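Notebook open, structure loaded. I'll go from the whole chain down to single residues and jot down what I look up.

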Amino acid sequence: MHSLNTFLSFVMSPAGIVLLTVAIMLGVVVWRSLAVQAEQRILSEKLDEALRNQAQQLEAQNQTMSRLAGHISKLGDMITEHGATFDTMREDILRLTDDVRGEVGTSKAIEMARKGASADAIMKATKLSAGDVDAIVRFHGK
């Protein structure tokens, strides 16, 4: 019992109270430190998971962008191809228009020559060359 009394008197002494307070504070600090480490570990795992998800999303976006770039390239090729086709069609239309104008002009010139119009009047009305009008007047004029 003597040792229990000695222990109790030490604990009740100012030095014992300080030592007991320090021990309790040290225990609280260690306990809180362990709790903070556990929280950090949980947050670290959540952060790792978020980073993995972010990396997967970026990879999916990169694949989508790559496919889009391929489609855009194909569209560009198609536009170039259609542009060449349109240019060819425009040239054909211009050539046909010139042919039709020439035929209309020639028909009008023949009609005018048959009615006795002068070469100058026919050239002004049809925009045909002087050589073409002279030939028409010679063959179809009065």
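Before anything else, I need the cut-off for burial: a residue is buried when its relative accessible area is under 20%, exposed when it is over 50%, and partly exposed in between. I also note that this is a predicted model.

**Entry 1: the whole chain**

I looked up burial with that cut-off, and 8% of the 142 residues count as buried. The accessible surface comes to about 11800 Å². Carbon and sulfur atoms hold 65% of that area.

Next I checked the dimensions. The C-alpha trace spans about 160 × 25 × 15 Å along its principal axes. The radius of gyration is 52 Å, whereas a compact globule of 142 residues would have one near 14 Å.

Then the secondary structure: I find four helices and zero strands. Read from the N terminus, the order is α-α-α-α.

I also looked at how far apart in sequence the contacts reach. Taking contacts between residues at least 6 apart, 31% join residues at least 24 apart.

**Entry 2: the N-terminal end**

I went to helix α1, which covers residues 2–12 and contains L8. L8 belongs to a nonpolar surface patch together with M1, L4 and F7. The four have about 460 Å² of accessible area together. Is L8 itself buried, exposed or in between? L8 has 42% relative accessibility, so I put it down as partly exposed.

**Entry 3: the core**

Which residues make up the largest nonpolar core? I list eight: A109, I110, M112, A113, I122, L128, V133 and I136. Helices α2 (14–114) and α4 (130–140) each supply at least two of these core residues. The largest share is from α2, with four residues.

I picked L128 out of the core and looked up what it touches. Leaving out residues up to four places away in sequence, the list is G105, T106, A109, M123, V133 and I136. Of these, A109, V133 and I136 are also named in the core.

**Entry 4: A119 and its partners**

A119 sits in helix α3, residues 119–126. With neighbours within four places in sequence set aside, A119 contacts V133, D134 and V137. For A119 and V133 I also have the C-alpha separation: 6.1 Å, with their positions 14 residues apart along the chain. A119 comes out as partly exposed because its relative accessibility is 24%, and the cut-off for buried is under 20%.

**Entry 5: salt bridges**

A reminder to myself: side chains of opposite charge can pair when their charged atoms come close. How many salt bridges does the count give? The count comes to four, and I looked at several of them in turn.

R32 and E39 meet through their side chains, at 3.9 Å from N to O. R32 has a relative accessible area of 40%, so it is partly exposed. E39, with 44%, is partly exposed too.

D87 pairs with R90, and their closest N and O atoms are 2.6 Å apart. Both residues are in helix α2, three residues apart, which is about one turn of the helix. D87 is at 36% relative accessibility and therefore partly exposed. R90 is at 48% and also counts as partly exposed.

K115 pairs with E111, with 3.4 Å between the closest N and O atoms. Here I checked both ends again. K115 has 62% relative accessibility, so it counts as exposed. E111 is partly exposed, because its value is 46%.

**Entry 6: a backbone angle to flag**

Most residues other than glycine have a negative phi. K127 caught my eye on that score: its phi is near 65°, a positive value in a residue other than glycine. Where is K127 placed? K127 is in the loop between α3 and α4. I looked up its accessibility as well: K127 has 70%, so it counts as exposed. Next along the chain is L128, the core residue from Entry 3.

**Entry 7: recap for the page margin**

The chain has four helices and a radius of gyration of 52 Å. Its largest nonpolar core has eight residues, with four of them from α2. Four salt bridges are counted, and K127 in the α3–α4 loop has the positive phi I flagged.

How values were computed
Residues are numbered from 1 along each chain as its sequence is written. This is a predicted model: local features need pLDDT of at least 70, side-chain atom pairs count only at pLDDT 80 or more; totals for chains, interfaces and linings use all residues. Side-chain values use heavy atoms; hydrogens and water are left out. Patches are made of residues with over 30% relative accessible area and no salt bridge: like charges are joined within 9 Å, nonpolar side chains (Val, Leu, Ile, Met, Phe, Trp, Tyr) within 5 Å. Accessible areas come from the Shrake-Rupley method with a 1.4 Å probe; for residues, only the protein chains shown count as cover. Helices (H or I, at least four residues) and strands (E, at least two) are DSSP runs, numbered from the N terminus. Buried means under 20% relative accessible area, exposed over 50%, partly exposed in between (1.4 Å probe, protein chains only). The radius of gyration is taken over C-alpha atoms; the globule rule is 2.2 Å times the number of residues to the power 0.38. Contact means heavy atoms within 4.5 Å. A nonpolar core is a set of buried Ala, Val, Leu, Ile, Met, Phe, Trp, Tyr and Cys residues joined through side-chain atoms within 4.5 Å.
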